[in-house]
Amino acid sequence: MQPAATPRLSRTIVIALGWLGLIFLLAPLAVVFPVSLTPERYLSMPTDSISFQHYAKLISDTRWSSSILTSLWIAVLTTIAATTIGTLCAIGLWRLSGRLTQYLRILLLAPLIVPPIVHALAFYRTWTDFNWLDTISGVVIAHTVLCIPLVLITVSTSLSGFDRRVEQAARSLGASTFTVLRRIVVPNIAPGILAGAAFSFVTSWDEVVTVIFLTSRKVMTMPIVIWNSLSERVDPAVAAISAVMILLTLIAVFLRLSKDRKPQGH
């Protein structure tokens with residue numbers, strides 16, 4: 001009786017510690033929601049009443065609404081460019097072999113190693129010569145450079161489990177290179193491509209260091225507005241936009257989990 005109770009007690013302790021760790025990580029996020037409902041013009045917990053004025057401010061205030069749209073537009077363009085280029089680079093490196101390929105892979109992954117402030121300074125100096133400062137295209141190109149390594153990693157991981165004999169069989173049956181790529185390779189590595197696209201979107205959406213160096217007045221992204229709001233005065237609208245992003249993330253996770261739990265064939 002005693003030996004059977006010991007593993008059960010250990011399992012209970014592990015589960016309890018896991019829940020405590022989860023609560024510790026999520027507790028700061030839970031504070032965001034009541035703070036976003038404060039009727040005051042500064043960060044505070046609501047006492048006598050609640051207000052949705054800060055949520056309405058995200059739409060009525062052009063500074064917030066335009067910055068959200070700008071960030072969304074930049075993130076979409078960056079995702080398309082980085083996913084396309086990163087996928088093609090991963091497939092090209094996968095087809096080739098040799099020491100040169102390894103050097104190219106390290107070169108493409110270099111942006112993950114260099115600190116963000118070094119990126120920002122390098123982009124600022126280069127973009128000055130090209131007259132790309134304070135332009136959406138300049139920010140998109142910079143974000144694309146930063147996001148390509150993320151796509152390269154996820155797509156390369158999917159390609160590592162792809163059987164090349166399937167591609168060779170399609171080529172032996174007369175399929176062209178483009179047909180093999182479109183109908184054989186891409187569908188099999190679609191999870192890696194989608195994962196890279198998701199990472200690219202989130203990275204571009206949240207990126208602030210490079211944008212601070214590359215923009216001034218014409219291009220105002222949401223992270224820049226949040227940064228200015230926190231440096232000038234702590235605007236409760238920051239808590240409101242944070243609550244919205246948390247809710248959207250939770251909805252996306254729940255939708256993904258519900259899709260994975262659906263029985264196959266239905």
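In this predicted model, Asp 134 counts as buried, since its relative accessibility is just 11%, and the cut-off for buried is under 20%. Asp 134 sits in the loop between H5 and H6. Its backbone has a quirk: phi of Asp 134 is near 60°, a positive value in a residue other than glycine. Asn 131 shows a positive phi too, about 60°, and Asn 131 is not a glycine either. Asn 131 belongs to the loop between helix H5 (116–130) and helix H6 (136–160). Is Asn 131 buried or exposed? With 65% relative accessibility, Asn 131 counts as exposed.

Next come the aromatic rings. The count of aromatic pairs comes to 5. Take Phe 123 and Trp 127: the ring centres are 5.1 Å apart and the planes meet at 55°, so this pair is tilted. Both residues lie in helix H5, 4 residues apart, which is about one turn of the helix. Phe 123 is buried, having a relative accessible area of 9%, and Trp 127 also counts as buried, at 7% relative accessibility. Trp 127 has another partner in Trp 132, and that pair is edge-to-face, with 5.1 Å from centre to centre and 90° between the planes. Trp 132 itself counts as partly exposed, at 28% relative accessibility. Put the rings together and one aromatic cluster appears, made up of Phe 123, Trp 127, Phe 130 and Trp 132.

Then there are the charged side chains, where the count comes to 3 salt bridges. In one of them, the side chains of Lys 57 and Asp 235 meet at 2.7 Å, N to O. This pair links distant parts of the chain, as Lys 57 is in helix H2 (residues 53–60) while Asp 235 is in the loop between helix H11 (222–232) and helix H12 (237–261), 178 residues apart. Both Lys 57 and Asp 235 are buried. For Asp 235, the relative accessible area is 2%.

Asp 235 also forms a salt bridge with Arg 63, and here the closest N and O atoms are 3.8 Å apart. Arg 63 lies in helix H3 (residues 62–95) and Asp 235 in the loop between H11 and H12, so this salt bridge ties together parts that are 172 residues apart in sequence. Unlike the buried Asp 235, Arg 63 is partly exposed, with a relative accessible area of 31%.

The salt bridge between Asp 129 and Arg 125 has its closest N and O atoms 3.0 Å apart. What separates these two residues along helix H5? Asp 129 and Arg 125 are 4 residues apart, about one turn of the helix. Asp 129 counts as exposed at 57% relative accessibility, and Arg 125 is exposed as well, with a relative accessible area of 52%. As for networks, salt bridges that share partners join Lys 57, Arg 63 and Asp 235 into one.

Finally, the surface carries a nonpolar patch. Which residues form the patch? The patch is formed by Ile 15, Trp 19, Leu 22, Phe 24, Leu 25, Leu 26 and Leu 29, and together these have about 750 Å² of accessible area. Among them, Leu 26 has its place in helix H1 (residues 2–36). Leu 26 is partly exposed, with a relative accessible area of 44%. That value fits membership in the patch, because patches are made of residues with over 30% relative accessible area.

Notes. Residues are numbered from 1 along each chain as its sequence is written. This is a predicted model: local features need pLDDT of at least 70, side-chain atom pairs count only at pLDDT 80 or more; totals for chains, interfaces and linings use all residues. Side-chain values use heavy atoms; hydrogens and water are left out. Patches are made of residues with over 30% relative accessible area and no salt bridge: like charges are joined within 9 Å, nonpolar side chains (Val, Leu, Ile, Met, Phe, Trp, Tyr) within 5 Å. Accessible areas come from the Shrake-Rupley method with a 1.4 Å probe; for residues, only the protein chains shown count as cover. A salt bridge is a side-chain nitrogen of Lys or Arg within 4 Å of a carboxyl oxygen of Asp or Glu. Buried means under 20% relative accessible area, exposed over 50%, partly exposed in between (1.4 Å probe, protein chains only). Rings of Phe, Tyr and Trp (its six-membered ring) pair if their centres lie within 6.5 Å; planes under 30 degrees apart count as stacked, over 60 as edge-to-face and the rest as tilted.
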